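Grab a coffee and open your viewer: here are a few exercises to work through. Try each task yourself before reading its solution.

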Amino acid sequence: PLTASAGRASGSAVAASEEDRKPEYKVDVKPDREVYVNGDEVRFALAANYFFGAPVVGAAVRWTLFETRLRDEREWDDDETPSGFGRMLESGEARTDVDGRVALGFTPQRVAYDRRLSLEVEVVDGSQRAVSARGTALVGRCLFSVRLAPTSGLFLAGQPMQVDVSTKDLLGKPVSAAVTI
């Protein structure tokens, strides 16, 4: 026990420590694709394997699904970056199968913004060693967005207006699309 005293006051506490050991297995969490659209079932595959190659069979899996709203790059200050997990959507438990795998599927509620889903898992094997991992997928309102940017800040009424048109997917990659203005 730990004890401390100061003048006539004293206190004690019992502390325990666990041995810090390297993990004996690794856990991978991957979505079946990078980008989904509102209403799609988002599927994650979890694989737990010992470093010597055998699957981690019958391990307890605790999982939590989080959502983080994706902001348009214009909403961020130069030094501000998104952080944290965001809002918890759901959580649960499962067990790895004979191949050390678990398949999880979710159909998140439709929302009026683009978001990142993060599946955080903790796998505990038979010797009570825990290993955590995370997988992420993007869920958008649509497959790509169209952005119109005026070439000038001032226009005369009745005169033609010039705009730059760009189309990008949720990963920020350009998309070829026919646009009529």
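The exercises below concern a predicted model, and each comes with a worked solution.

**Exercise 1. Place valine 27: which strand holds it, and is it buried or exposed?**

Step 1. Look along the chain: valine 27 sits in strand E3, which covers residues 25–31.

Step 2. Check the accessibility. Valine 27 has a relative accessible area of 10%, and the cut-off for buried is under 20%. Valine 27 is therefore buried.

Step 3. List the contacts, leaving out residues up to four places away in sequence: Leu46, Ala47, Ala48, Val121, Val123, Val131 and Ala133 touch valine 27.

Step 4. Compare sequence and space. Serine 132 is 105 residues from valine 27 in sequence, yet their C-alpha atoms are 7.0 Å apart.

**Exercise 2. Describe the largest nonpolar core: how many residues does it have, and which strand gives the largest share?**

Step 1. Count the members: the largest nonpolar core has 25 residues.

Step 2. Find the residues with the most contacts inside this core: they are Val27, Val29, Phe44, Leu46, Leu119, Val121 and Val123.

Step 3. Trace the core back to the strands. E3, E5, E6, E8, E9 and E10 each supply at least two residues, and the largest share, 5 residues, comes from E5.

Step 4. Put this in context: in soluble globular proteins, nonpolar side chains tend to be buried together.

**Exercise 3. Classify two aromatic pairs: what are their distances and angles?**

Step 1. Start with the total, which is 4 aromatic pairs.

Step 2. Take tyrosine 25 and tyrosine 50. Their ring centres are 5.7 Å apart with 70° between the planes; an angle over 60 degrees counts as edge-to-face, so this pair is edge-to-face.

Step 3. Locate the two tyrosines: tyrosine 25 is in E3 and tyrosine 50 in E5, 25 residues apart. Both are buried.

Step 4. Repeat for tryptophan 63 and phenylalanine 106, an edge-to-face pair at 5.1 Å centre to centre and 65° between the planes. Tryptophan 63 belongs to E6 and phenylalanine 106 to E8, so the pair ties together parts 43 residues apart in sequence.

Step 5. Check burial: tryptophan 63 is buried at 9% relative accessible area, and phenylalanine 106 is buried at 4%.

**Exercise 4. Inspect glutamine 128: where does it lie, and what is the sign of its phi?**

Step 1. Glutamine 128 lies in the loop between E9 and E10.

Step 2. With 61% relative accessibility, glutamine 128 is exposed.

Step 3. Its phi is positive, about 65°, although glutamine 128 is not a glycine. For comparison, most residues other than glycine have a negative phi.

Notes. Residues numbered from 1 in each chain as written. Predicted model: local features only at pLDDT ≥ 70, side-chain atom pairs only at ≥ 80, totals over all residues. Heavy atoms only, no water. Helix = DSSP H or I, 4+ residues; strand = E, 2+ residues; numbered from the N terminus. Buried < 20%, exposed > 50% of the residue type's maximum accessible area, 1.4 Å probe, protein only. Contact = heavy atoms within 4.5 Å. Core = buried A, V, L, I, M, F, W, Y, C linked by side-chain atoms within 4.5 Å. Phe/Tyr/Trp six-rings, centres within 6.5 Å; stacked < 30°, edge-to-face > 60°.
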